[in-house]
Every structure is written in C-alpha cells, then in structure tokens.
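Dear colleague,

I am handing over the structure we spoke about, and below it you will find an account of what turned up. Please read the notes with the sequence and the view side by side.

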Amino acid sequence: MDLQIAYATDAENPIAGDLKMTNGQLLAVEGVDAIKQHIRVRLQWFKGEWPQSPSEGMPYWSHVIIKNPKSRHLRKMFTAAIEGVPGVSRVASLEVEINRSTRDARVVFDAVLESGDVVSDDFGLFEVEGF
C-alpha cells in the first residue's frame, strides 16, 4: 500500500506534493492510480536530490535545464524512466515540450501497464500548483 500525494491544494491539503488527507486521515492509493503516482514521482525527482541515494533521479541539471536540450535524448530518457516503474509494460506515446523562455518542461504520455490498462498524464515537471 502507498500513500496518496496531493497534487492540488485545498483546505485540508495546503501544500501540493505532500501526503493527501481527507477528514484528517491519510489516503491510500492502489492499482492503476498507484502506478500513475509512481511515474509522477519518478519524473519529478531530481538526480542527487535525495542524499541517501544521490545517483537516483532524473538528470535535469545536465540534460533538461540547459541551453539546447536534445529532444531525441529527452524522449529516450523519459521513456526509460517511465518503463522502469514497476507495473509499466511500455510507453505507447510520449511528448516532451520545452519552454526555453521559462525553462519549464511538460511531459505528455500514455503508458500501457502489465494489466493492459493505459495510464495517461500531462503535467509540468517544474511547476507546483498552489504557489
């Protein structure tokens, strides 16, 4: 069992990215929703961010937040990260949109799970809702 993460703010969840609560209780997430959450966490984790495992995470400083990121390389990098999530069979489609002026990146993907379900998501990598 995993705990659900709040992706938006509300009265009970004032901080996006923190554990989600409803009526004062932490919420569990399972199945397809848990896999989708795992993908988001993996894609938003900067390499070196966690001191206990500095080699883990996405190499944003060296491959994305640079002057001329290479789209083909980014697609391979994000595809490998998504396909590395337990329960994901393959990435059916993936788009990486880079906004050079704001240095933001947006990822849009469809991933086929081992169960046959399809998980789709579209989110900004460096944006946090509510700030």
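Does R40 count as buried or exposed? With a relative accessibility of 15%, R40 counts as buried, because the limit for that word is under 20% relative accessible area. Please keep in mind throughout that this is a predicted model.

Salt bridges

R40 is part of helix 1, which covers residues 31-44, and its side chain meets that of D121 in a salt bridge, with 2.7 Å from N to O. D121 belongs to strand 7 (residues 118-124) while R40 belongs to helix 1, so this pair ties together parts that lie 81 residues apart in sequence. Both partners, D121 and R40, are buried. The residue D122 also comes into this picture, since its C-alpha atom is separated from that of R40 by 9.9 Å, although the two are 82 residues apart along the chain.

How many salt bridges does a search of the whole structure find? The search finds two, and besides the pair just described there is one between R106 and D122, whose closest N and O atoms are 2.8 Å apart. This pair, too, links distant parts of the chain, with R106 in strand 6 (residues 104-113) and D122 in strand 7, 16 residues apart. R106 counts as partly exposed, because its relative accessibility is 25%, and D122 is likewise counted as partly exposed, at 42%. As general background, side chains of opposite charge can pair when their charged atoms come close.

The second largest pocket

The second largest pocket holds about 240 Å³ of space. Its lining includes Q37, H38, V41 and R42, and W45, S55, E56, G57, M58, P59 and P86 are also among the residues that line this pocket. Sorted by class, the lining consists of five nonpolar, four polar and two charged residues.

Surface residues

A nonpolar patch on the surface is formed by M1, L3, L19 and L26, which together have about 410 Å² of accessible area. Within this patch, M1 lies in the segment before strand 1 (2-3), and M1 counts as exposed because its relative accessibility is 79%.

Two loop residues may also be worth finding in the view. A11 sits in the loop between strand 1 and strand 2 and is exposed, with a relative accessible area of 82%; the C-alpha atoms of A11 and M21, which are ten residues apart along the chain, are separated by 9.9 Å. N23, in turn, is found in the loop between strand 2 (21-22) and strand 3 (25-26), and it has a positive phi of about 50 degrees although it is not a glycine. At 67% relative accessibility, N23 counts as exposed, because that word applies over 50%.

Lastly, K76 lies in helix 3 (residues 71-83) and, with a relative accessibility of 56%, counts as exposed. From K76 to V108 there are 32 residues in sequence, and their C-alpha atoms are 14 Å apart in space.

With best wishes

Definitions and conventions. Residues numbered from 1 in each chain as written. Predicted model: local features only at pLDDT ≥ 70, side-chain atom pairs only at ≥ 80, totals over all residues. Heavy atoms only, no water. Patch = residues over 30% accessible without salt bridge, like charges linked within 9 Å, V, L, I, M, F, W, Y side chains within 5 Å. Areas by Shrake-Rupley, 256 points an atom, 1.4 Å probe, with all protein chains shown as cover. Salt bridge = Lys/Arg side-chain N within 4 Å of Asp/Glu carboxyl O. Helix = DSSP H or I, 4+ residues; strand = E, 2+ residues; numbered from the N terminus. Buried < 20%, exposed > 50% of the residue type's maximum accessible area, 1.4 Å probe, protein only. 1 Å grid on protein atoms, 1.4 Å probe; cavity = no way out; pocket = protein on both sides within 12 Å on 5 of 7 lines; lining within 4 Å. Points joined across faces, edges and corners; volume = space filled by probe spheres on them. Nonpolar A, V, L, I, M, F, W, Y, C, P; charged D, E, K, R; others polar.
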